[in-house]
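Visitor: I would like to go through this model term by term. Please give the value and the cut-off each time.

Guide: Gladly. Here it is.

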Amino acid sequence: MKKATILVVEDDPALNEAYNMILRSAGYDVMTAYNGQEALEVLKDAKDPDIIFLDLRMPVMDGIGFLKEYHPEKHPHTTIIVFSNYDARAEVDEAYKLGAHRYVLKARAAPKELIHIVEGVIGARQ
Amino acid sequence: MSKFNHPLDQIRLLIIDDDEDDAYLLRRYISAIPGAVFKVEWIGQFDEAIERIADHDHDVYLVDYRLGERTGIELLEIVRPSSRIEPFIMMSGAGDRDLLRESMQYDAADFMTKGSINEEMLAKTLFYAIQRKQMERRRYEELLELNRSKDEFISIASHQLRTPATGVKQYIGMVREGFAGKITEQQRMMLDKAYESNERQLRIVSDLLKVAQVDAGKVSLSKSDVKLCELIQDIVKSTSSIFSEKQQRLVVSLPKKPVIAYIDETTMRMVIENIVENASKYSEEGTTTRIKLYSDTTEATIDVIDQGVGINPEHIDKVFEKFGRVDNPLSTKVGGTGIGMYWAKKMVELHGGDITVMPGRSRGSVFSIILPK
């Protein structure tokens, strides 16, 4: 089984670090960004990750701004999971329209569930 | 006669009076009012007046009581002055006290006896009526604004509360799930309590957000044709662990023919789940909950029948009230904000349906979700 690469885009340092620890301990390669702009820079020099966990509300460049720049349709091997605590329908719908694949309310996902989500995505591909 | 300080540059006035001579007299008085420019229109017919009022082309209306076969009161009943920003002033040939009372009852801004009308009195009546309505309007807008900022505050505060609580969830979750090595039974017990408290806080935040969205009218439904049998089977699957944990049974009875309703699937799923989960929460161990779906040509009904603590008939209205919690032997244990059922009812109503609750035949309660097809 190929080791999956995951990019976490999350502005809250405590959460960013937590997701990093959880995913690394499950054996995944993790890249980190604290806003949409940073995420674009990280992605410029790396090969497409398998999954991007994308927060919506972030300073500098938010999740919607990131999706507009990133053009998910050009990266068919990357699953974008919007991972936000803002469940305003309009925002989530817009993210879907811009190519996000899934939406998960951050407050719902315990560490184990986070790993389940990743396993689900990776498992579906193999 | 002194000049009045009226709030509009030009006052567009509609006289509704079936007596042309009276209307002519009114026009003369109006044209003699100093310091104001009036644009006066006259209509003698009831139906024509209703149509013209619907155009919202005027700042004030003078309505005679006698309008052919109809009356000015009937007209007020149709146009509902309380929902309009322009004042409606009633006039009558006789200074009838009952008529005065009736005019007020139907929200006329003022009442004049035709015989006592003169320029000065007419000017005062018109200007004050317009001014009062404008003040009312301003106050209404201020209240709307206040309400908007309240909803916005709840929304921002709740969303922001979620982030630190999510942090707590992750870190306690990691220790609990063994990410930092083995923990003792006692440590696990304590962490479980901390985790559960935090979960409760997250649920309260979600409930507050739901209500803020409903109250702000910000809920938008995206409806599609949904197969109710499949939806219910799905819900049974997702809630089965809650029932088995309490050694309870969940029994479903579905019609053979598919039942399709035009609904917002995500929202209705949450509504039904909410009621099904409550059935488990408010029932003792070993009880059975039944979900029944049936339909006729116009509506589909989902009954959730539990064998729980039931609801005292006196408190049945309280179930769907905002923050309304009904005391029962399990309510403290279950916890909650009293928002779930309020939200559920609002959502079903947005679908053009209804939720009702009745006491069960021997015990428990029956919640019925009625959806138009």
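**Reasons behind the labels**

Guide: One point before the contacts. This is a predicted model. The count between chain A and chain B is zero salt bridges.

Visitor: What makes a pair between chain A and chain B a polar contact, and how many residue pairs are there?

Guide: An N or O atom of one residue must lie within 3.5 Å of an N or O atom of the other, with one able to donate a hydrogen and the other to accept it. Eight residue pairs between chain A and chain B are in polar contact, both residues at pLDDT 80 or more. On the chain A side, helix H1 (13–25) and helix H5 (111–125) each supply at least two residues that touch chain B. H1(A) gives the largest share, eight residues. By kind, that side of chain A divides into 14 nonpolar, two polar and seven charged residues.

Visitor: How many residues does each chain bring to the contact, and what area is buried?

Guide: Chain A brings 23 residues and chain B brings 22 residues. The area buried between them is about 1800 Å². Carbon and sulfur atoms give 55% of that area.

Visitor: Now chain A by itself. What pattern does chain A follow along the sequence?

Guide: The pattern reads β-α-β-α-β-α-β-α-β-α. That is five helices and five strands. Of the 126 residues of chain A, 53% count as buried. Take the contacts in chain A between residues at least 6 apart in sequence: 63% of these join residues at least 24 apart.

Visitor: Why is the aromatic pair of Phe66(A) and Tyr70(A) called stacked?

Guide: A pair of aromatic rings is described by the distance of the centres and the angle of the planes. Ring centres must lie within 6.5 Å, and planes under 30 degrees apart count as stacked. Phe66(A) and Tyr70(A) stand 5.0 Å centre to centre, with 20° between the planes. Both values meet the cut-offs, so the pair is stacked.

Visitor: Where do Phe66(A) and Tyr70(A) lie?

Guide: Both are in helix H3 (residues 63–70) of chain A. They are four residues apart, about one turn of the helix.

Visitor: Are Phe66(A) and Tyr70(A) buried or exposed?

Guide: Buried means under 20% relative accessible area. Phe66(A) has 0% relative accessibility, so Phe66(A) counts as buried. Tyr70(A) has 6%, so Tyr70(A) is buried too. Over all chains, a search of the whole structure finds six aromatic pairs. Tyr19(A), Phe53(A) and Phe83(A) form one aromatic cluster.

Visitor: What does Glu10(A) reach with its side chain?

Guide: Glu10(A) lies in the loop between strand E1 (5–9) and H1 of chain A. Its side chain reaches the backbone nitrogen of Asp12(A) at 2.9 Å. The side chain of Glu10(A) also makes a polar contact with the side chain of Lys106(A), at 2.7 Å. Glu10(A) touches several residues more than four places away in sequence, among them Tyr19(A), Tyr34(A) and Met58(A). At 1% relative accessibility, Glu10(A) is under the 20% limit and therefore counts as buried.

Visitor: Why is the pair of Arg84(B) and Glu86(B) called a salt bridge?

Guide: The rule asks for a side-chain nitrogen of Lys or Arg within 4 Å of a carboxyl oxygen of Asp or Glu. Arg84(B) and Glu86(B) meet at 2.9 Å, N to O, so the pair qualifies. Arg84(B) is buried at 8% relative accessibility. Glu86(B) is buried at 6%.

Visitor: What makes Arg269(B) and Asp234(B) a tie between separate parts of chain B?

Guide: Their closest N and O atoms are 3.2 Å apart, in a salt bridge. Arg269(B) lies in helix H8 (residues 265–281) and Asp234(B) in helix H7 (residues 228–245), so the pair ties together parts that are 35 residues apart in sequence.

Visitor: Why is Arg269(B) called partly exposed?

Guide: Partly exposed lies between the 20% and 50% limits. Arg269(B) has 22% relative accessibility, so the label fits. Asp234(B), at 32%, is partly exposed as well.

Visitor: How far apart are the closest N and O atoms of Glu265(B) and Arg269(B)?

Guide: They are 3.5 Å apart, in a salt bridge. The two residues are four apart in helix H8 of chain B, about one helical turn. Glu265(B) is partly exposed, at 33%. Elsewhere, shared salt-bridge partners join Asp17(B), Asp22(B), Asp64(B) and Lys114(B) into one network. The count over all chains comes to 25 salt bridges.

Key. Residues are numbered from 1 along each chain as its sequence is written. Chains are lettered from A and ligands numbered from 1 in the order in which they are written. This is a predicted model: local features need pLDDT of at least 70, side-chain atom pairs count only at pLDDT 80 or more; totals for chains, interfaces and linings use all residues. Side-chain values use heavy atoms; hydrogens and water are left out. Contact means heavy atoms within 4.5 Å. Buried area is the accessible area (1.4 Å probe) that two parts lose on being put together, summed over both. Ala, Val, Leu, Ile, Met, Phe, Trp, Tyr, Cys and Pro count as nonpolar, Asp, Glu, Lys and Arg as charged, and the others, Gly among them, as polar. Rings of Phe, Tyr and Trp (its six-membered ring) pair if their centres lie within 6.5 Å; planes under 30 degrees apart count as stacked, over 60 as edge-to-face and the rest as tilted. Buried means under 20% relative accessible area, exposed over 50%, partly exposed in between (1.4 Å probe, protein chains only).
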